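Trainee: Got a minute? I'd like to go through this one with you.
Mentor: Sure, pull it up and we'll start.
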Amino acid sequence: MANLVHGGDIYSAKEKGINHILDFSANINPKGLPDRVKQAIIDGLDSCVNYPDPLCRQLISAISDFEGIQKELILCGNGAADIIFRLALALKPKKALVLAPTFAEYELALDTVGCQTVHYDLKEEENFALREDYLQGLDSSYDVLFLCNPNNPTGQLISKELLEKTLQKCIENNILMVLDECFIEFVEGYGQYTMKAHVDDYKHLFILKAFTKSYAMPGLRLGYGMTGNRELLKKIMDMGQPWSVSIPAQLAGIQALKEAEYLEESLREIREERLYLLSELNKLGIKYYKPAANYIFFKIDDMGKYKISTFKDKLFEKGIIIRDCSNYAGLEEGYYRIAVKSHSANERLIDALKSI
């Protein structure tokens, strides 16, 4: 089960009797669930005596307005992970290209349909940035390509120019380009990077989004996909049970999309706290890779009298969980990821790092 371990595992800590845990392993908006979203959920509890709308009509209408995408090109699911697995079942690809390292769910979903996964290794000496030369190996032998922008866990952005070249290569070779933009709202000037303007025109592009990170609602499970490939959308819909999105999740999503001020304030706070964390990591001599979103990817080369393998455990003893990235394809012991949280939480993390 080791490859199923992700961030956000506060439950193991509770099993060990640690209740006052600071979770830096999950990249959630530090402002927490918006108050009006909480109220929308509470107000809608009486509606839970009914089945949820299997077509998520009101939610999809709200997403359509927010993204500027036709309603007919949007599909909702029980988190982005649900859509990834349903996409694999609908497409049944034989061969896929996946970056290494990147989000583990892509390969896990592909494994369920017996797909051959080929890794394109991102290089540490190039700061794990995706280089244009990867296009040379992208040919018609592939059925699907998974990209994450910004990439998780490295936090590196792919330029829109490279994404557009990739899409053109995918069209020429009949490859579905699956682009995960779940963290895009945390990127400064993210309009320069999102590919959603191409959804209407191209059937070879599928964009993944989620409410999980931006609106701090991972426990509600809500994500969506956007593509001009209507036939594929129907197949994905058929691969899941009809009531995959609960009434509370649908109501939360509708209200969350109205929280423009909340998102703006979040970006300001994350920008300030990210600078604080990077400054402190510099002082500690910890190597990090320039982050574009609300998380920081870094490497521990030396812990003096302690073994590097004990780094995560030492923090856990102080009530802090971070993401050990050694189980990502393409990474090894010593790579970690932390979320950007509130200032008081970030100070506690830095104090703990100084102590070890």
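Trainee: Which strands does helix 6 lie across?
Mentor: This is a predicted model, to be clear. Helix 6, residues 160–172, lies across strand 5 (144–148), strand 6 (176–180) and strand 7 (205–210). The helix runs at about 150° to strand 6.
Trainee: And helix 7, what does that one touch?
Mentor: Helix 7 (residues 230–238) packs on the sheet and touches strand 2, strand 6, strand 7 and strand 8. Its direction makes about 20° with that of strand 2.
Trainee: OK, the sheet itself. What's the strand order?
Mentor: It's an open sheet of 7 strands, ordered 2-8-7-6-5-3-4, with mixed pairing. At the edges you find strand 2 (74–77) and strand 4 (116–121), each pairing on one side only.
Trainee: How do strand 2 and strand 8 pair, parallel or antiparallel?
Mentor: Antiparallel, over 4 bridges, with strand 8 covering residues 223–227. For example, C76 has Y224 in strand 8 as its bridge partner.
Trainee: What holds paired strands together in general?
Mentor: Backbone hydrogen bonds; strands of a sheet pair through them, either parallel or antiparallel.
Trainee: Switching topic: what about the sheet with the order 9-10-13-12?
Mentor: That's an open sheet of 4 strands, and the pairing is antiparallel. Strand 9 (287–289) and strand 12 (323–324) each have a single partner strand, so one side of each is left without a neighbour in the sheet.
Trainee: Which residue is the bridge partner of R323?
Mentor: R337, in strand 13. Strand 12 and strand 13 (residues 335–339) pair over 2 bridges.
Trainee: Which helix packs there?
Mentor: Helix 9, residues 260–283, touching strand 9, strand 10 (295–299) and strand 13.

Note on methods
Residues numbered from 1 in each chain as written. Predicted model: local features only at pLDDT ≥ 70, side-chain atom pairs only at ≥ 80, totals over all residues. Heavy atoms only, no water. Pairing = 2+ DSSP bridges. Contact = heavy atoms within 4.5 Å. Axes fitted to C-alpha atoms, helices over the stretch in contact; angles between N-to-C directions.
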